[in-house]
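Work through the exercises below with the sequence and the structure at hand. Try each task before reading its solution.

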Amino acid sequence: MKAIQAVRGVRDILPAETPTWQAMEAGARKVFELYGYREIRLPLFERTELFARGIGETTDIVEKEMYTFVDHSGESLSLRPEATASLVRAYVEHRLHAHPKPVRLYTIGPMFRYERPQAGRYRQFHQINVEALGTATPTFDAEIVQMLMAFFAELKLGERVKLHINSIGDATCRPAFRAWLRAYLKENLTRLCEECRARVERNPLRVLDCKKPECQPVIEQAPSILDHLCPPCHEHFDRVCHYLNLFKVQYIVTPRLVRGLDYYVRTTFEAVTGELGAQNAVAGGGRYDGLVELLGGPADPGIGFAIGMERVALLLKGEQTSTFAFVFLIPLGEPALERCAELAKDLRAVGVAAELTHAPRKLRAELDLANQLRVPYVLILGDDELAREEATLRDMTTGDQRAIPLAGVVTEIRGLQGQQT
Ligand code: HAM
């Protein structure tokens with residue numbers, strides 16, 4: 001029979017990689033909970049209109065990238081392409097806004113976008129998503145950005161990730177800037193790539209984000225949004241920068257940093273690495289005052305970010321080692337197997353990871369296997385030893401062996417584990 005393969009752009013996370021993923025998740029939980037964030041778990045699909053309204057009808061995500069289907073009752077549903085819209089939906093639906101603000105939440109899980117797969121870009125990918133709702137103060141923007149960088153520091157990636165930050169203004173100043181930018185882009189239409197030409201009318205800010213070489217000269221000469229912020233947006237951005245300085249967070253002000261989702265206002269930011277080629281953003285986020293209201297809730301402001309786990313995993317590649325068993329039990333014969341099976345169960349009951357050979361081969365072959373598994377200790381039990389109520393304990397690092405009484409095996413090995421931790 002022909003083997004069936006996974007869908008294009010969708011990958012398995014194999015056992016060799018899971019320690020990295022577990023380290024990312026543990027790092028996120030540790031850091032975010034220190035800042036008062038609590039976990040929320042959200043559904044993987046929603047009504048299509050939630051994303052259309054929340055992310056924006058004219059964004060690439062909604063126009064081209066959603067996995068949308070009609071279910072048996074005729075309703076249009078979509079796999080979530082991101083988590084912010086879903087989280088805000090839950091915030092409104094469950095009246096989380098009645099809780100003390102800011103309401104600080106995080107969620108970890110898969111997202112789905114029909115993009116062209118390449119290294120670091122997949123159709124099913126995972127995000128660690130963080131959102132804070134109910135505060136508009138710029139000092140909070142700085143704190144959440146600092147927390148993102150604390151996450152990278154926790155994973156020892158602080159040096160390999162750079163923070164870019166910008167303000168894209170608000171409903172007061174952005175429309176004028178957009179009109180200005182559109183006029184400039186129209187003058188330079190012939191120097192833009194085909195995709196950007198189509199964007200000029202509908203979403204001119206997105207042109208600033210284009211990576212195509214032909215567009216770069218036009219983008220470099222384009223007006224900067226930072227020169228067109230209204231006074232309150234300007235002051236907000238200054239305060240964010242002031243607090244980032246206070247927190248000693250290094251950042252690069254990047255006026256071309258506009259993001260691919262329509263809900264952003266004022267602060268936007270991205271964490272970028274130089275090590276992953278075109279897919280260099282390992283996290284992105286910003287402020288989205290107005291989204292809660294747009295999704296039927298109160299006028300609560302919000303800010304958040306999402307970390308792309310596949311991309312962080314690529315940076316961490318090979319840096320985490322799997323944890324294997326602490327002791328490997330090798331019974332030589334049936335009566336010894338019985339005794340070892342019991343011992344393995346007793347060891348696990350006291351928290352020692354024990355692996356038992358159920359169908360032992362020659363001792364040499366079993367020791368080789370223990371070596372491959374990188375187990376620090378091996379317990380060997382043969383018929384003669386069983387008769388003496390003893391077992392042989394071998395230290396796999398030094399090769400030293402000694403006899404220990406069977407009755408004392410659990411205490412002895414547990415003690416050795418205690419010395420190592
Ligand atoms: P985003 O920039 O679309 O923002 O995605 C955030 C991160 O997810 C990206 O920086 C990247 O690391 C990762 N990512 C995005 N698409 C892919 C893909 N196809 N394959 C692999 N990784 C990918 C958002 O999703 C916003 N909801 C973030 C946010 C939260 N803003 C406010 N709160």
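**Exercise 1: Contacts of the ligand**

A backbone N or O atom of Tyr 122 lies 2.9 Å from a nitrogen atom of the ligand. The model is a predicted one.

Task: Decide whether this pair is a polar contact, then find which side chains approach oxygen atoms of the ligand.

Solution.
Step 1. A polar contact is a pair of N or O atoms within 3.5 Å. The pair at Tyr 122 is 2.9 Å apart, so by that cut-off it is a polar contact.
Step 2. In the side chain of Arg 113, a polar atom lies 2.9 Å from a ligand oxygen.
Step 3. The side chain of Gln 127 has an N or O atom that is 3.1 Å from an oxygen atom of the ligand.
Step 4. Taken on its own, the ligand has 650 Å² of accessible area, and the protein covers 96% of that.

**Exercise 2: The shell around the ligand**

Task: State which residues come nearest to the ligand, and which strand gives the largest share of the shell.

Solution.
Step 1. There are 27 residues around the ligand, and the nearest are Glu 82, Glu 115, Glu 131, Tyr 264 and Ala 281.
Step 2. Sorted by class, the shell holds eleven nonpolar, nine polar and seven charged residues.
Step 3. At least two shell residues come from each of β6 (124-133), β10 (281-287) and β11 (302-308).
Step 4. β10 gives the largest share, six residues.

**Exercise 3: An open sheet**

Task: Write down the strand order of the eight-stranded sheet and explain why β1 and β8 each have one side without a neighbour.

Solution.
Step 1. The order is β1-β5-β6-β11-β10-β9-β7-β8; the sheet is open and its pairing is mixed.
Step 2. β1 (38-39) and β8 (252-253) are at the edges with a single partner strand each, so one side of each has no neighbour in the sheet.
Step 3. The pairing of β7 (residues 162-167) with β8 is parallel and has two bridges. Here His 164 is opposite Ile 252 of β8.

**Exercise 4: Strand β15**

Task: Is β15 largely enclosed or largely open, and what are its pairings?

Solution.
Step 1. In β15 (residues 390-395), five of the six residues are buried, so the strand is largely enclosed by the rest of the structure.
Step 2. β14 (residues 377-381) runs antiparallel to β15, joined by four bridges. Ile 380 is opposite Thr 392 of β15.
Step 3. β16 (residues 401-405) is also antiparallel to β15, with five bridges. Thr 392 has Ala 403 as its bridge partner in β16.
Step 4. Five residues separate β15 and β16 in their hairpin, and Gly 399 in the turn has a positive phi of about 85°.

Notes: Residues numbered from 1 in each chain as written. Predicted model: local features only at pLDDT ≥ 70, side-chain atom pairs only at ≥ 80, totals over all residues. Heavy atoms only, no water. Pairing = 2+ DSSP bridges. Near = heavy atom within 4 Å. Polar contact = N/O pair within 3.5 Å; in protein donor to acceptor, adjacent residues only side chain to side chain. Areas by Shrake-Rupley, 256 points an atom, 1.4 Å probe, with all protein chains shown as cover. Nonpolar A, V, L, I, M, F, W, Y, C, P; charged D, E, K, R; others polar. Buried < 20%, exposed > 50% of the residue type's maximum accessible area, 1.4 Å probe, protein only.
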